Amino acid sequence: MTTIQASFCAASFSSASFRKTKATLYSQNFESSHLSVPRLLVNELNQRNGLLNLTATSSDLDLNPKSDNRKGSNLGHSISDSNLVQELYAIMEIVVDRIEMHNNIKVQRDNWNGLLLNSVNGMTATAAIMAGLACVSGSGPSILSLKISSSLLYMAVTGIVLVMNKIQPSQLAEEQRNASRLFKKLHEEIKTTLALKNPVTSYDVKVAMEKVLALDKAFPLPLLGTMIEKFPQVVEPAVWWPEEEPKCHDQNMSDMFERNGWNENLEEEMKEVLGVMKGKDSAEYARLSNMVLNVNKILAFCGPLLTGSAAIGSCLIGLPGFGSWGTAFGVVLGALGTVVNSLEHGGQVGMVFEMYRNSAGFFKLMEETIESNLKEREVGDRENGELFEVKVALQLGRSLSELRDLARGSSLSSKFQQAKEECASKLF
């Protein structure tokens with residue numbers, strides 16, 4: 001019995017070990033087969049996919065050789081357009097900064113004019129009163145102190161007036177006002193370009209930069225070195241725009257009319273308006289500029305001369321042989337100096353001169369704009385004719401019918417050799 005149980009246990013143990021061994025071998029074979037088959041499939045599929053990709057790529061290259069080039073060129077154009085837009089926005093930021101700078105300096109120089117004029121008039125009145133008191137105080141140490149004080153005040157006034165006449169604070173303030181206005185206009189032009197023009201070109205960026213630099217040159221910020229001459233020998237209109245580069249076209253002038261809003265009648269109208277502006281408006285403001293400049297020169301010469309003579313007259317008060325002449329020089333010439341300085345700087349004669357000079361520059365800019373459009377042979381490269389006519393009419397303060405009536409009247413007067421009495425502008 002014991003032998004049978006032992007053999008049964010041995011058989012069970014052997015069968016269990018056999019099953020365990022078989023299971024182990026089966027699991028190893030399963031794992032190896034489970035791992036090796038997908039790897040072979042993946043490798044084979046990868047090779048096939050590679051061949052398929054290579055075949056597809058080669059076929060794409062054969063069939064569409066320009067597809068990749070087009071994508072690359074489109075990407076390059078989009079990057080270039082983005083860079084140009086960023087450059088225009090950068091120029092806009094610079095323009096805004098310029099506007100703020102010119103506004104601040106305009107306020108500063110306007111304050112100069114008021115403060116210096118009040119100081120000069122106060123010092124002149126004090127010096128005249130001292131000269132009068134010295135005349136009636138008799139002799140003694142009091143008269144000497146009054147004479148010296150009056151003379152010193154008059155000499156100080158003379159020096160300050162010489163500086164004021166040199167820099168013309170009222171004219172400086174007017175320059176900054178004009179610069180601020182023109183920079184604001186340029187800012188709006190750039191905004192319009194970004195809003196309406198797509199894509200932005202490098203020419204737009206170049207024009208914007210040139211306009212900024214031209215404005216910087218026309219209205220300089222520093223006083224020393226680059227300040228505009230306040231008493232020029234020849235009065236020239238203010239120029240704040242860059243020179244336009246000439247355009248060359250070799251194409252024929254066929255179909256020139258009735259395109260881009262232009263026609264023969266509009267060209268004749270613009271020529272007549274241009275003739276009126278040159279004959280009347282520009283000539284009139286050039287004459288006014290010269291007249292105001294001459295008045296300013298006279299006042300700038302007489303002011304320091306009167307206060308300097310008053311300083312000499314104050315020194316002569318009480319001296320034998322001069323009688324009442326010293327008092328007359330010290331008091332009367334001082335009062336006249338106050339009047340002259342008040343007329344020049346209180347009346348802001350320099351500002352009036354700058355205003356007329358800029359008005360002449362406004363008409364010169366309009367003339368050059370009309371001439372450049374008329375000289376452009378290719379009508380497609382001109383500004384749209386209908387839009388251009390509206391802009392010219394509004395800049396001159398006229399309606400379209402009034403502008404056309406002006407052109408017809410100018411044409412009739414030139415035919416009958418009559419003088420053109422009417423100016424083109426109704427604004428100034």
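The following exercises, each with a worked solution, concern a predicted model of a single protein chain.

**Exercise 1. Overall architecture**

Task: Determine how many helices and strands are in the chain, and what percentage of the 428 residues is buried.

Solution. Step one is to list the secondary structure: the chain contains 10 helices and zero strands. Read from the N terminus, the elements therefore run α-α-α-α-α-α-α-α-α-α, given that helices are numbered from that end. Step two turns to burial, where residues under 20% relative accessible area are counted. Buried residues account for 34% of the 428 residues. Step three considers contacts between residues at least 6 apart in sequence: 84% of them join residues at least 24 apart.

**Exercise 2. The nonpolar cores**

Task: Identify which residues touch the most other members of the largest nonpolar core, and which helix supplies the largest share of this core.

Solution. Begin with the general expectation: in soluble globular proteins, nonpolar side chains tend to be buried together. In this model, the largest nonpolar core holds 61 residues, and Ile 190, Trp 240, Met 270 and Leu 396 touch the most other members. Next, assign the core to elements. At least two of its residues come from each of helix 2 (67-136), helix 4, helix 5, helix 6, helix 7, helix 8, helix 9 and helix 10 (400-415). Helix 6 provides the largest share, 14 residues. Then take Ile 190 as an example: leaving aside residues up to four places away in sequence, Ile 190 touches Leu 88, Ile 91, Met 92, Val 95 and Ala 208. Finally, another core of five residues lies apart from the largest one, and its members include Ala 131, Ile 143, Leu 146 and Ile 317.

**Exercise 3. Aromatic pairs**

Task: State how many aromatic pairs there are, and classify the pair Trp 240 and Trp 241 and the pair Trp 262 and Phe 388.

Solution. Ring centres must lie within 6.5 Å for a pair to count, and the count comes to six aromatic pairs. For Trp 240 and Trp 241, the centres are 5.2 Å apart and the planes meet at 90°; this exceeds the 60 degree limit, so the pair is edge-to-face. Both Trp 240 and Trp 241 are buried.

For Trp 262 and Phe 388, the centres are 5.9 Å apart and the planes stand at 35°, so the pair is tilted. This pair links distant parts of the chain, 126 residues apart: Trp 262 is in the loop between helix 5 (202-218) and helix 6 (264-315), and Phe 388 is in helix 9 (residues 385-395). Trp 262 has 2% relative accessibility and therefore counts as buried; Phe 388, at 4%, counts as buried too. Trp 262 has a further partner, Arg 382, whose charged end sits over the Trp 262 ring at 4.9 Å from its centre.

Elsewhere, ring pairs join Tyr 285, Tyr 356, Phe 362 and Phe 363 into a cluster.

**Exercise 4. Backbone features in loops**

Task: Locate the cis peptide bond from Asn 198 to Pro 199 and the positive phi values of Gln 168 and Gln 348.

Solution. The peptide bond from Asn 198 to Pro 199 is cis, its omega being near 5°. Pro 199 belongs to the loop between helix 4 (169-196) and helix 5. Gln 168, a residue other than glycine, has a positive phi near 50°. Its place is in the loop between helix 3 (141-167) and helix 4. Since its relative accessible area is 0%, Gln 168 is buried. Gln 348, also not a glycine, has a positive phi of about 50° and lies in the loop between helix 7 (325-346) and helix 8 (349-375).

**Exercise 5. The surroundings of Lys 230**

Task: Decide whether Lys 230 is buried or exposed, and find which backbone oxygen its side chain reaches.

Solution. Lys 230 is located in the loop between helix 5 and helix 6. With 1% relative accessibility, Lys 230 counts as buried. Its side chain reaches the backbone oxygen of Ile 228 at 2.8 Å. Beyond residues up to four places away in sequence, Lys 230 touches Lys 166, Ile 167, Gln 168, Gln 171, Leu 172, Glu 175, Leu 293 and Phe 353. Gln 168, from the preceding exercise, is thus one of the residues that Lys 230 touches.

**Exercise 6. Cysteines**

Task: State how many disulfides there are, and give the exposure of Cys 135 and Cys 302.

Solution. A disulfide is a covalent bond between the sulfur atoms of two cysteines. In this model the count comes to zero disulfides. Cys 135 has a relative accessible area of 39% and is therefore partly exposed. Cys 302, at 27%, is likewise partly exposed.

Terms used. Residues numbered from 1 in each chain as written. Predicted model: local features only at pLDDT ≥ 70, side-chain atom pairs only at ≥ 80, totals over all residues. Heavy atoms only, no water. Phe/Tyr/Trp six-rings, centres within 6.5 Å; stacked < 30°, edge-to-face > 60°. Buried < 20%, exposed > 50% of the residue type's maximum accessible area, 1.4 Å probe, protein only. Helix = DSSP H or I, 4+ residues; strand = E, 2+ residues; numbered from the N terminus. Lys NZ or Arg CZ within 6 Å of the ring centre and 35° of its normal. Polar contact = N/O pair within 3.5 Å; in protein donor to acceptor, adjacent residues only side chain to side chain. Contact = heavy atoms within 4.5 Å. Disulfide = S-S within 2.5 Å. Core = buried A, V, L, I, M, F, W, Y, C linked by side-chain atoms within 4.5 Å.
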